[in-house]
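This report concerns a helix and the enclosed cavities of a protein model. The structure is shown first, and the discussion follows.

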Amino acid sequence: MSGTPAPGTPATGSPALGSPVPKTLVPFDLRALRGTLDEAGRRPDGTSSLQPLDMSEVIIGPGTVGRLGEVVGWLADGAGEVVILAAATPITVRGTRLRDVVESQVASSYALRWVVLGPAGGSVHADEQTVTAARKGAAGAGCVITVGSGTICDIGKAAAAPGVPLVAVQTATSVNGYADPFSVLLKSGVKRTTPTRWPDALIADTDVLVDAPDRLNLAGLGDMAAMFTATADWYLAALLRADGPAYQPGVTDLVRPHGEAMLGLGGGLAADPGRLADLARLLTLSGIGMGVAGSTAPASGMEHAVSHLLEMAATATEAATCAATGGPSTPGRGPSLHGEQVGVASIVAAATWAHVRERVAQGGLGQGRGPARLPDPDVVGERISAAFGRLDPSGAMAAECLADYAAKIRLLASAGDPLATLREGWADCDAVLGRLLTSPAELASGLASAGLPVRFGDLPEPVDDDLAKWAVANCALQRRRFGVADLAMLMGAWEDDDVAGVLAAAETAADGATS
């Protein structure tokens, strides 16, 4: 779709209905944002280093679900049936079923069909079976609307046929994945970020958001805590040419300058539409940043890899329980929310960066030590099989992880000695890292003040010490993306004692934040 706003739609995406618009801490103007990105990505030859921003409209504020019919009419232009993808979980807006509100906006002009995904009382997973069901349900649609969680949105982005308008109705400030062209899908039980498509329009009604469970809304703040560590991982990977896109300061600057202010949003967030709108705008900026970078690297580093492993472990446990009992998953079981886990894991990632920078200061890059010793494929294959065999005895999960990890090692080997690159330019590198990173103590304090967990054991579904250590120790083995844990491994600084020390440092930071 083009970037031209719908007729009658302000370029800023400001709402037309609902209560008065509160003062904004995080501004958002889609037209101005396009100009900023054009400038940030412009090469000397006039081409852009960034991917196109293929969203036509973002509408955030009170009463904005009341513009759904207008948006669908503009995008679909009267063509075909409207299919709505949603979970079975009931959602309300101002005491009315959101389903009824959506139907009141669309049903008078279009044939309407709801496709309910996932079990009646359990969690929706973006696995092959669910995505296939969504594709079948959306087949032949003239427009697809997703109503619900980030997982529902991810499924919709994977299910909507090319060229069919896609509208995402955000129902909580839980994740940053509503406004990007990727879907996190399960492949052989492994979380994989898959290129899919942008939604053509995003609607985030603060009247809907304020009715969401408090945990869901706070989870988005935890997800955004990754900005304090993932951007450093992205910079490192780009410096070593280890995979992914070139580092783009202009993309980092979409969200990182708002970091400290974001942590201040947590107090009273759930009951404050203005704060929810600010967080929704920040999540949207983060998603757009990933999309134009062509990768989730700007917002997904070590902390997300740790969370993915915890989610994979919980999903495997849930599947084993279902198989043993012969019934569906039990409501309330399964992982803590993605953002809750990412928040805790961000503290650990910050502690890992502190550990690595300290080891470098002590000579850990090893002047005169010779080239880095890259992992032996056979040895690492055995380690990955041992690490993931506990979740999937069939070996499919381990094979999926090994394929990505082996590709990472081959790419590193082809680019020369990564430690030599860092030795030659560490002073400049460390200066950039210092501007991007936040200390574990500061991060823990901000998350705790927002009411988010700061320890794995304090998560709503507590993670015991053994599982936490497993996830942190093996996070680099799960995917192709290079991060700080990979660097620690290359330096010989990721043995059992090192991992234990990082976890102890994160615990100390959590103690200071909650004492």
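In helix α15 of this predicted model, the buried residues are M397, A398, E400, C401, Y405, A407, K408, I409 and L412. The helix covers residues 396-414, a run of 19 residues. From its first C-alpha to its last, α15 reaches 27 Å, close to the 27 Å expected at 1.5 Å a residue. Just after α15, G416 adopts a positive phi of about 90 degrees.

The spacing of buried positions can be read against a general property of helices. An α-helix has 3.6 residues a turn, so residues three or four places apart point the same way. The buried set in α15 includes M397, E400 and C401, as well as Y405, K408, I409 and L412.

Charged residues are also part of this set, among them E400 and K408. E400 belongs to helix α15. Why does E400 count as buried? Its relative accessible area is 13%, and the cut-off for a buried residue is under 20%. Apart from neighbours within four places in sequence, E400 is in contact with K187, V190 and R192.

The second topic is enclosed space. Rolling a probe the size of a water molecule over the atoms shows where empty space is left. How many cavities of 30 Å³ or more are counted? The count comes to 4. The table sets out the largest and the second largest of them.

| Cavity | Volume | Lining by class | Elements giving two or more residues |
|---|---|---|---|
| Largest | about 90 Å³ | 7 nonpolar, 2 polar, 5 charged residues | α12 (302-325), α19 (484-490) |
| Second largest | about 60 Å³ | 7 nonpolar, 4 polar, no charged residues | α9 (249-255), α11 (273-293) |

The largest cavity holds about 90 Å³ of space. It is lined by 14 residues, of which M302, A305, R481, G483 and D486 are the closest to its centre. Helix α19 gives the most to this lining, with 3 residues, and α12 also gives two or more. Charged residues number 5 in the lining of the largest cavity.

The second largest cavity, by contrast, has no charged residues in its lining. Its lining consists of T231, V251, T252, L254, V255, L285, S286, G289, M290, P298 and A299. Helices α9 and α11 each supply at least two of the lining residues. By class, 7 residues of this lining are nonpolar and 4 are polar.

Definitions and conventions: Residues numbered from 1 in each chain as written. Predicted model: local features only at pLDDT ≥ 70, side-chain atom pairs only at ≥ 80, totals over all residues. Heavy atoms only, no water. Expected span 1.5 Å × (residues − 1). Buried < 20%, exposed > 50% of the residue type's maximum accessible area, 1.4 Å probe, protein only. 1 Å grid on protein atoms, 1.4 Å probe; cavity = no way out; pocket = protein on both sides within 12 Å on 5 of 7 lines; lining within 4 Å. Points joined across faces, edges and corners; volume = space filled by probe spheres on them. Nonpolar A, V, L, I, M, F, W, Y, C, P; charged D, E, K, R; others polar. Contact = heavy atoms within 4.5 Å.
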